[in-house]
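This report concerns a single protein model with its ligands. The sequence and the coordinates are shown first.

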Amino acid sequence: MNTVIDMNIAIVGLGLMGGSLGLSLARSGFRVSGWDSDRRAQAEAFKIGAISRLTDSLQETVAGADLVFVATPVGWIAETIRSCLPLVKPGVIFSDLGSIKQMVVDQVSPFLPDACYFVPGHPMTGSEQQGIAAADPFLFQNAAYILVEHPRTPAEIRERVGKVLATTGAHLLTLGAADHDRIVGMVSHLPHLIAAVLAKTAGTEEEARPGTLNLAAGGFRDTTRVATGSPTLWEGIIAGNKQMVLLALDSFQRELAAARQFIAEDDPAGLTDFLRQARDVRLQIPAKNKGFLTLLHELVVTIEDRPGAIHEVLQDLADVGLNIKDIEILRVREGDGGTLRLALENEPDADRALAVLASKGIKAKRR
Ligand SMILES: NC(=O)c1ccc[n+]([C@@H]2O[C@H](COP(=O)([O-])OP(=O)(O)OC[C@H]3O[C@@H](n4cnc5c(N)ncnc54)[C@H](O)[C@@H]3O)[C@@H](O)[C@H]2O)c1
Ligand SMILES: O=C(O)C(=O)C[C@]1(C(=O)O)C=C[C@@H](O)C=C1
């Protein structure tokens with residue numbers, strides 16, 4: 001086997017993440033087979049090109065695989081690997097996409113035979129949506145993808161998986177399982193809980209004063225988007241990272257209590273300082289980055305809320321050969337106009353895009 005492209009790949013769990021990985025790997029020319037306990041998801045994955053052949057069993061799916069990705073909910077990852085063991089060839093590599101790592105490593109390690117390798121992984125990208133219908137071939141582009149050290153996995157095996165995943169446009173980095181779980185407890189699981197608490201709190205107010213939610217604008221929408229994610233998927237993630245989530249919640253409660261005190265005690269200087277510190281922390285996440293790795297060069301474009309407006313902006317940029325690396329529709333001004341966030345490849349491209357849009361009378365600025 002000369003290059004990673006010769007590897008036979010199987011994906012078990014063809015939802016948002018497994019489907020997106022399949023679509024991306026298929027675009028790079030990999031042979032991908034896939035299995036899902038929901039046969040409709042497997043059929044749909046085949047239809048959209050996330051897998052290149054339809055199989056009738058887990059056995060048929062993984063039998064010839066060199067690398068098996070497991071993209072099931074976290075509670076099913078170890079069990080899925082265990083059921084694959086009698087079906088795979090010696091030397092096979094398993095890699096998962098689960099949002100937590102220590103629990104998965106602890107569950108898999110005791111039964112992992114010497115003839116198989118395990119490279120635990122976690123792409124720091126995703127969405128609140130679920131299922132193969134939400135799969136996106138570009139989901140991994142410019143995202144951080146964490147591979148976790150495993151005591152029985154040689155570094156060259158991890159690097160091999162990294163080479164496959166790098167074809168998706170993700171940026172690979174390696175962490176220990178405990179470090180991974182502590183970090184994601186803070187930057188992913190805590191935010192999810194806070195979004196849920198915020199939504200629930202507003203829901204109680206909505207019951208008392210119907211119409212409250214109708215007035216929710218960008219602030220509420222931005223901070224609660226992830227609360228629409230799958231409750232069962234997230235219950236597994238949060239429960240599986242219990243200690244780290246509790247630590248993160250303790251820190252959060254201390255900060256919340258401090259903020260409350262400044263308000264209760266009419267302390268404008270204290271509150272301003274608190275908000276200033278929070279703003280400084282938030283600004284440390286480089287605005288030009290997706291994740292925390294790749295420098296993107298962003299523009300914010302203000303457009304009219306009418307059919308074709310987005311197309312015109314994109315066409316103007318395409319006409320001069322500018323490649324858009326990332327795009328987001330900021331729905332903050334629904335109804336009265338819209339805002340687009342565009343990321344360009346480099347500084348000169350962003351300057352050129354600004355000039356092109358200005359020449360067409362389209363309002364845009366650097367972010
Ligand atoms: N959603 C995100 O933003 C995100 C981001 C990074 C990592 N992850 C992780 O990726 C994994 C998959 O999440 P998702 O968002 O794609 O969920 P999803 O619900 O969209 O997809 C999960 C798929 O797994 C299938 N499945 C469940 N049990 C199975 C089993 N035993 N055998 C075979 N298939 C099975 C389901 O039918 C479904 O199609 C999870 O471990 C999650 O923690 C999710
Ligand atoms: O919804 C998104 O934008 C995400 O990237 C989802 C998100 C997160 O940021 O918390 C959710 C769970 C993961 O394991 C990784 C990413």
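The sections below describe the overall architecture, the ligand surroundings, the nonpolar cores and several individual residues.

## Basis of the model

The model is predicted, and local features require a pLDDT of at least 70, side-chain atom pairs count only at pLDDT 80 or more, and totals for chains, interfaces and linings use all residues. Residues are numbered from 1 along each chain as its sequence is written, while chains are lettered from A and ligands numbered from 1 in the order in which they are written.

## Overall architecture

The protein has 13 helices and 14 strands; these are DSSP runs numbered from the N terminus, with helices being H or I of at least four residues and strands being E of at least two. It is divided into domain 1 (4-174), domain 2 (180-284) and domain 3 (296-366), with bounds that come from an automatic or database domain assignment. The centres of domain 1 and domain 3, taken over C-alpha atoms, are separated by 35 Å.

Along the principal axes, the C-alpha atoms fill a box of roughly 65 × 55 × 40 Å. The radius of gyration is 23 Å, which agrees with the value near 21 Å for a compact globule of 367 residues; the radius is taken over C-alpha atoms, and the globule rule is 2.2 Å times the number of residues to the power 0.38. Of the 367 residues, 34% are buried. A residue is buried if 20 or more other C-beta atoms lie within 10 Å of its own, exposed if 12 or fewer, and partly exposed in between, with C-beta atoms placed from the backbone. Among contacts with a separation of 6 or more, 70% join residues 24 or more positions apart; a contact requires C-beta atoms, placed from the backbone, within 7 Å.

## Ligand surroundings

Ligand 1 is surrounded by 30 residues, of which Gly13, Gly15, Met17, Ser99 and Gly126 are the closest. A residue is near a molecule if its C-beta atom, placed from the backbone, lies within 6 Å of it. Both domain 1 and domain 2 contribute at least three residues to this shell, and at least two come from each of α1 (16-27), α4 (74-84), β6 (121-123) and α9 (231-240). By class, the shell comprises 14 nonpolar, 14 polar and two charged residues. Here Ala, Val, Leu, Ile, Met, Phe, Trp, Tyr, Cys and Pro count as nonpolar, Asp, Glu, Lys and Arg as charged, and the others, Gly among them, as polar.

Ligand 2 is surrounded by Ser99, Met124, Thr125, Gly126, Ser127, Glu128, Ser188 and Val226. Its shell has two nonpolar, five polar and one charged residues. Ser99 and Gly126 thus appear around ligand 2 and also among the closest residues to ligand 1.

Helix α9, a contributor to the shell around ligand 1, has Trp234, Gly236, Ile237, Ile238 and Gly240 as its buried residues. The elements that cover them include α4, α5 (102-108), α7 (177-208) and α10 (242-264).

## Nonpolar cores

The largest nonpolar core has 64 residues, and Ile9, Ile11, Val68, Phe69 and Phe94 touch the most other members. It draws at least three residues from each of domain 1 and domain 2. Apart from it lies another core of 13 residues, including Leu299, Val301, Ile303 and Leu344. A core is a set of buried Ala, Val, Leu, Ile, Met, Phe, Trp, Tyr and Cys residues joined through C-beta atoms within 7 Å.

Not counting residues up to four places away in sequence, Ile9 touches Leu25, Phe30, Arg31, Val32, Ala65, Leu67 and Phe69. Leu299 lies in strand β11 (residues 297-303) and counts as buried because it has 22 C-beta neighbours inside 10 Å. Beyond its neighbours within four places in sequence, the contacts of Leu299 include Leu342, Leu344, Ala350, Ala353 and Leu354.

## Individual residues

Asn142 and Asp266 are not glycines, yet Asn142 has a positive phi of about 65° and Asp266 one of about 45°. Most residues other than glycine have a negative phi. Asn142 is placed in the loop between β6 and β7 (144-148) and is buried, with 20 C-beta neighbours inside 10 Å. Asp266 is placed in the loop between α10 and α11 (268-284) and is exposed, with 8 other C-beta atoms within 10 Å.

His171 is found in strand β8 (residues 171-175) and is buried, with 21 other C-beta atoms within 10 Å. His171 and Pro123 are 48 residues apart in sequence, and their C-alpha atoms are 9.2 Å apart in space.

Note on methods
Two residues are in contact if their C-beta atoms, placed from the backbone, lie within 7 Å.
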